[in-house]
2 protein chains.
Amino acid sequence: VRRTTGGNYRKFWSFRVLDSRNKKFPIGSNVYALVGWRSHTVLNPEDFAKNNLFVLPDFGGLPISLGIGYLGMPGVAAYFGFLEICKPKAGETVVVTTAAGSVGSLVGQIAKIKGCKVIGFTGSDEKCRWLEDELGFDKAINYKVGKLAKALKAVAPDGVDCFFDNCGGELSSIIINQMNFYGRIALCGAVAEYNNESEAKLRSTHTTFILKQLSLEGFVVYRWADRWQEGIKEIKEMILEGKVKYRETIFDGFEILPEAFIDVLEGKNFGKAVIKV
Amino acid sequence: VRRTTGGNYRKFWSFRVLDSRNKKFPIGSNVYALVGWRSHTVLNPEDFAKNNLFVLPDFGGLPISLGIGYLGMPGVAAYFGFLEICKPKAGETVVVTTAAGSVGSLVGQIAKIKGCKVIGFTGSDEKCRWLEDELGFDKAINYKVGKLAKALKAVAPDGVDCFFDNCGGELSSIIINQMNFYGRIALCGAVAEYNNESEAKLRSTHTTFILKQLSLEGFVVYRWADRWQEGIKEIKEMILEGKVKYRETIFDGFEILPEAFIDVLEGKNFGKAVIKV
């Protein structure tokens with residue numbers, strides 16, 4: 001087995017099978033595998049849990065790198081996490097954090113397909129322009145500019161109904177405090193807290209949760225293990241129909257991996273960060 | 001209309017009708033009304049929303065004061081809030097905060113009826129004894145003693161499945177961080193935050209919510225307006241069958257009201273605080 005396209009810090013990879021003694025993994029097929037950072041590997045499929053190794057379905061001509069992006073774990077997280085937990089309805093206002101990442105950028109586009117108004121928070125003006133001009137977000141806000149409560153109120157004067165949170169930290173509290181009655185929050189990631197988890201002290205949103213009767217649910221994507229292929233198929237069709245656009249930040253060469261990893265944590269990438277070898 | 005039994009700081013009262021020109025509110029009947037602190041009042045039923053004024057159902061010989069306790073708003077909050085949001089299953093471990101109050105003490109008893117292990121947090125050793133010895137809680141913890149994470153771990157070594165939270169603040173975070181996969185949290189009140197809402201800064205539980213896939217929902221009891229009488233009927237039967245015990249802290253005389261109010265906020269009362277005139 002030789003890796004042809006690799007993933008980010010989460011150690012997911014799309015591999016092409018170079019040699020095989022297992023009929024379920026034929027030579028030439030592409031597989032998704034959770035194996036850590038490496039250029040080539042020898043695998044015994046029996047050593048893997050169900051969702052850590054599987055043959056990628058036909059991508060209809062789309063690049064295999066999407067197997068670790070919109071057509072892999074991030075895509076499934078966006079699709080089910082948003083639809084199943086946020087339960088968006090047409091006309092509602094949706095807020096997404098880390099909106100220019102591989103999960104957030106897909107959540108926002110799915111929300112537009114569902115007829116929602118979509119507001120994204122991201123970390124640069126360039127990313128804001130990409131979200132608004134190319135992906136169709138109604139508004140993108142650069143969270144580094146400050147006065148975020150005021151900025152959100154200006155673009156969502158009627159409040160927020162759905163919140164897909166990849167971020168955590170103070171930004172989450174600001175958004176939660178502008179939610180409407182019976183608002184739904186999906187917790188997917190905690191980028192803002194990865195580096196200071198033990199110290200983060202936040203303003204309480206407890207009273208808001210009660211008075212607005214908000215619901216919140218954290219999730220890990222493998223909850224939908226049984227519906228994995230269904231999610232990928234749905235997203236693939238959205239892409240092939242032109243309703244969803246993807247973008248990847250490609251890093252070329254195995255030796256660039258540490259730099260790519262740091263870029264991810266610093267929020268420099270657009271869409272999914274991919275290491276290509 | 002003359003009040004015979006009154007409620008706490010939330011301004012709910014049980015009144016006896018002394019005179020009436022409305023057939024729906026006959027003389028001698030008992031009514032529940034959200035009217036503020038007063039000894040007598042004249043009401044036009046049309047001025048009230050559905051759940052702010054209604055004739056109390058037959059209590060089967062139980063005292064009318066329960067109309068503002070287990071057979072009123074707190075009872076309905078405990079019954080539906082716990083069963084509908086926490087969705088307890090037999091054998092699970094349930095934690096309740098402000099466990100000796102009119103909501104918490106009923107939640108704990110309903111949890112025991114459902115076959116759960118029940119742990120309550122309250123503010124004195126005397127209340128702990130009441131919860132354990134009379135109400136059947138498996139364990140009650142005096143939150144003023146400190147080392148709460150360790151104390152909870154000792155009595156719930158396998159983690160917490162359901163958390164009915166009346167409290168908020170740091171105690172909530174401690175409990176949430178000991179919850180099991182797919183744990184459910186109902187937010188009912190925020191006693192710990194009533195006096196310092198603007199300043200409360202809490203350790204983030206964001207990452208725990210994701211990794212444990214917890215769900216949380218805040219509620220206001222009027223959500224179950226359409227099932228109000230159903231809730232009261234169920235609780236009344238639990239009391240009449242001897243499965244649920246109630247206790248009230250009675251304050252006698254209208255002039256004692258400010259003192260009673262302060263006692264509630266200081267956590268001195270057992271069960272529902274009632275002003276009797």
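Helices and strands here are DSSP runs, helices of at least four residues and strands of at least two, numbered from the N terminus. Keep that in mind for the element names below. The model is predicted.

**Stop 1: chain A, whole**

Select chain A and show it as a cartoon. Eight helices and 13 strands make up its list of elements. The radius of gyration is 19 Å, close to the 19 Å from the globule rule for 277 residues, so chain A is as compact as a globular protein of that length. Now turn chain A along its principal axes. Its C-alpha atoms fill a box of roughly 60 × 35 × 35 Å.

**Stop 2: chain A, inside and contacts**

Colour chain A by burial. Of its 277 residues, 56% are buried. Next, look at the contacts with a separation of 6 or more. Residues 24 or more positions apart supply 63% of them.

**Stop 3: chain A, surface and charge**

Switch on the surface. Chain A exposes about 12,200 Å², and 51% of that comes from carbon and sulfur atoms. Then select the charged side chains. There are 36 positive and 31 negative ones in chain A. The centres of these two sets lie 2 Å apart.

**Stop 4: B:Ser65**

Move to chain B and find the loop between β4 (53-55) and α1 (73-86). Select B:Ser65, which lies in that loop. Is B:Ser65 buried or exposed? Its relative accessibility is 7%. Buried means under 20%, so B:Ser65 counts as buried.

Now show side chains and add B:Glu248 to the selection. The side chains of B:Ser65 and B:Glu248 are joined by a polar contact of 2.8 Å.

Key. Residues are numbered from 1 along each chain as its sequence is written. Chains are lettered from A and ligands numbered from 1 in the order in which they are written. This is a predicted model: local features need pLDDT of at least 70, side-chain atom pairs count only at pLDDT 80 or more; totals for chains, interfaces and linings use all residues. Side-chain values use heavy atoms; hydrogens and water are left out. The radius of gyration is taken over C-alpha atoms; the globule rule is 2.2 Å times the number of residues to the power 0.38. Buried means under 20% relative accessible area, exposed over 50%, partly exposed in between (1.4 Å probe, protein chains only). Contact means heavy atoms within 4.5 Å. Accessible areas come from the Shrake-Rupley method with a 1.4 Å probe; for residues, only the protein chains shown count as cover. Lys and Arg count as positive and Asp and Glu as negative; His and the chain ends are not counted. The place of a charge is taken as NZ of Lys, CZ of Arg, CG of Asp or CD of Glu. A polar contact is a pair of N or O atoms within 3.5 Å; within protein, one must be able to donate a hydrogen and the other to accept it, and residues adjacent in sequence count only if both atoms are side-chain atoms.
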